[in-house]
Amino acid sequence: HMSERMEIERAINLFIEAINRNDSSRIPLTDDVVMSGPMMAEPAVGAAAVRTYLDETSPFVAHLDLKKVIIEGGSAAIMVNFTGINGVGIEGAEFFTFRDGKIASDKIIFDTRRLFKGAN
């Protein structure tokens, strides 16, 4: 059996790959996963809702680069760099919790003002 840390690393890597491939189907999610972020009016609750949200938004992310991973117990924080299809790069963080090697929650934090830079 893989260690909890290895399971968490694997889940994070699958998450990053999924965003870059515009295909959320391989992300290990709990049935009751909750995802929230600055661009979301309300959290996405449940695996189906989270996959739908990711499949609708990942085409607008040209590339997601993983910069740093900190794993502590059943939680992880990652630093990422989003490059939008408009070429604007945004640094962000995501805070995950895990259960049985699956993502149970993901809180996305980034400065949305960068999205509108030069767009006017």
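Is Ser-58 buried or exposed? Keep that in mind for a moment. What you have in front of you is a predicted model, and I will go through one loop, two hairpins and the aromatic rings.

Ser-58 counts as buried, because its relative accessibility is 3% and the cut-off for buried is under 20%. The residue sits in the loop that leads from helix 2, residues 47-57, to strand 3, residues 61-72. Leaving aside residues up to four places away in sequence, Ser-58 touches Ile-19 and Asn-22.

Now the strands. Strand 3 pairs with strand 4, residues 75-84, in the antiparallel sense, and 10 bridges join them. If you want one register point to find on the screen, take Val-61, whose bridge partner in strand 4 is Gly-84. The hairpin of these two strands has two residues between the strands, and Gly-73 takes a positive phi there, near 60 degrees.

Strand 4 is also joined to strand 5, residues 89-99, by nine bridges, and this pairing too is antiparallel. Here the register point is Ala-76, with Phe-96 as its bridge partner in strand 5. This second hairpin, of strand 4 and strand 5, has four residues between the strands, and its positive phi is at Gly-87, near 85 degrees.

That brings me to the aromatics. How many aromatic pairs does the structure hold? There are three. One of them is Phe-82 with Phe-110, a tilted pair with 5.2 Å centre to centre and 50 degrees between the planes. Phe-82 belongs to strand 4 and Phe-110 to strand 6, residues 102-110, so this pair ties together parts that are 28 residues apart in sequence. Both rings belong to buried residues: Phe-82 has a relative accessibility of 14%, and Phe-110 has a relative accessible area of 18%.

Another pair is Phe-96 with Phe-98, also tilted, at 5.8 Å centre to centre and 35 degrees between the planes. Phe-96 we have met already, as the bridge partner of Ala-76. Phe-96 is buried, with a relative accessible area of 1%, and Phe-98 is buried at 10%. With Phe-15 added, Phe-96 and Phe-98 form one aromatic cluster.

To go back over the points to look up: Ser-58, buried in the loop before strand 3; Gly-73 and Gly-87, each with a positive phi in its hairpin; the Phe-82 and Phe-110 pair, between strand 4 and strand 6; and the cluster of Phe-15, Phe-96 and Phe-98. That is the end of the walk-through.

Conventions. Residues are numbered from 1 along each chain as its sequence is written. This is a predicted model: local features need pLDDT of at least 70, side-chain atom pairs count only at pLDDT 80 or more; totals for chains, interfaces and linings use all residues. Side-chain values use heavy atoms; hydrogens and water are left out. Buried means under 20% relative accessible area, exposed over 50%, partly exposed in between (1.4 Å probe, protein chains only). Contact means heavy atoms within 4.5 Å. Two strands pair if DSSP finds at least two bridges between them. Rings of Phe, Tyr and Trp (its six-membered ring) pair if their centres lie within 6.5 Å; planes under 30 degrees apart count as stacked, over 60 as edge-to-face and the rest as tilted.
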